[in-house]
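I sat down with one chain and a list of things to look up. These are my notes, in the order I made them.

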Amino acid sequence: MKKFITLCIICLSLSSNGAMAYYMIGNELQSKSQGYNRQDTFDGAAYLGYIQGIADAHDGLGIICIPFSKVTVGQLAAIVSQYLNANPGKWHLPASDLVVTAIRQYFPCKK
């Protein structure tokens, strides 16, 4: 499954428009979230893969600290979906910022 998600991310990144400042903004992430909830294979894989990639990239950097042995990607997806649904006014922001903000509410690093 991880290989499939990684492959989806690579394919999506290769097809992205170079004029975009970010890979994805919140509006697109919200759309993929809805696809994930409808069990759409392509949008669901893209949504899970994006969240997992952002979580992996930011974990342990002092921003978010996820106990991966206890938390599934599905749980992270639910956290992000909940945040997106509660904050439609932020959908114009970079999706990566929204994912980190959502996850940080539940898994901040202890200081």
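**Entry 1: surface and overall make-up**

I began with the outside: the chain's accessible surface comes to about 6600 Å², and 57% of that belongs to carbon and sulfur atoms. Note to self: this is a predicted model. Next I asked how much of the chain is tucked away. Buried residues make up 38% of the 111 residues.

Then I looked at secondary structure. I found five helices and zero strands, and reading along the sequence gives α-α-α-α-α.

I also looked up how far apart in sequence the contacting residues are. Of the contacts with a separation of 6 or more, 66% are between residues 24 or more positions apart.

**Entry 2: how confident is the model?**

The average pLDDT of the chain is 85, and 80% of the residues score at least 70. One stretch I'm marking with a pencil is residues 14–20, where the pLDDT is below 50. Beyond near neighbours in sequence, that stretch has two contacts in the model.

**Entry 3: the core**

Which residues have the most contacts inside the largest nonpolar core? I wrote down Leu29, Ile66, Leu76, Val80, Val99 and Ile103, in a core of 24 residues. H3, H4 and H5 each supply at least two residues of this core.

I picked Leu29 for a closer look. Leaving out residues up to four places away in sequence, Leu29 touches Met24, Tyr47, Tyr50, Val80, Leu84, Ala95 and Val99. Val80 and Val99 were on my most-contacts list too.

**Entry 4: helix H5**

H5 has 12 residues and reaches 18 Å from its first C-alpha to its last. That is close to the 16 Å expected at 1.5 Å a residue.

Which residues of H5 are buried? My list reads Ala95, Ser96, Leu98, Val99, Val100, Ala102 and Ile103. A reminder from class: an α-helix has 3.6 residues a turn, so residues three or four places apart point the same way. I then checked what the buried residues of H5 pack against, and found helix H2 (26–37), H3 and H4.

**Entry 5: two serines that touch**

I went looking for polar residues on the inside. Ser33 lies in helix H2, and its relative accessible area is 2%, so Ser33 is buried. Apart from neighbours within four places in sequence, Ser33 is in contact with Tyr47, Ser81 and Leu84.

That sent me to Ser81, which sits in helix H4. Ser81 has a relative accessible area of 8% and the cut-off for buried is under 20%, so Ser81 is buried. Setting aside residues up to four places away in sequence, Ser81 touches Ser33, Asn37 and Tyr47. Tyr47 turns up on both serines' contact lists.

**Entry 6: the disulfide**

How many disulfides does the structure hold? It holds one. The partners are Cys65 and Cys109, with their sulfur atoms 2.0 Å apart. The torsion about their S-S bond is about 95°, so the disulfide is right-handed.

Where are the two cysteines? Cys65 is in the loop between helix H3 (41–58) and helix H4 (73–86), while Cys109 is in the segment after helix H5 (95–106), so the pair ties together parts that are 44 residues apart in sequence.

Are these two buried or partly exposed? Cys65 has 32% relative accessibility, so it counts as partly exposed. Cys109 comes in at 17%, so it is buried.

**Entry 7: Val73**

Val73 lies in helix H4. Its relative accessibility is 23%, and buried needs under 20%, so Val73 counts as partly exposed. Ignoring neighbours within four places in sequence, I found Val73 in contact with Leu48 and Gln52. I looked up the distance to Gln52: the two residues are 21 apart in sequence, yet 6.3 Å apart in space, C-alpha to C-alpha.

**Entry 8: an odd backbone angle**

Last stop was the loop between H2 and H3, where I found Gln39. Phi of Gln39 is near 65°, a positive value in a residue other than glycine. Is Gln39 buried or exposed? With a relative accessible area of 71%, Gln39 is exposed.

Technical notes:
Residues numbered from 1 in each chain as written. Predicted model: local features only at pLDDT ≥ 70, side-chain atom pairs only at ≥ 80, totals over all residues. Heavy atoms only, no water. Disulfide = S-S within 2.5 Å. Helix = DSSP H or I, 4+ residues; strand = E, 2+ residues; numbered from the N terminus. Buried < 20%, exposed > 50% of the residue type's maximum accessible area, 1.4 Å probe, protein only. pLDDT = per-residue confidence, 0-100. Contact = heavy atoms within 4.5 Å. Areas by Shrake-Rupley, 256 points an atom, 1.4 Å probe, with all protein chains shown as cover. Core = buried A, V, L, I, M, F, W, Y, C linked by side-chain atoms within 4.5 Å. Expected span 1.5 Å × (residues − 1).
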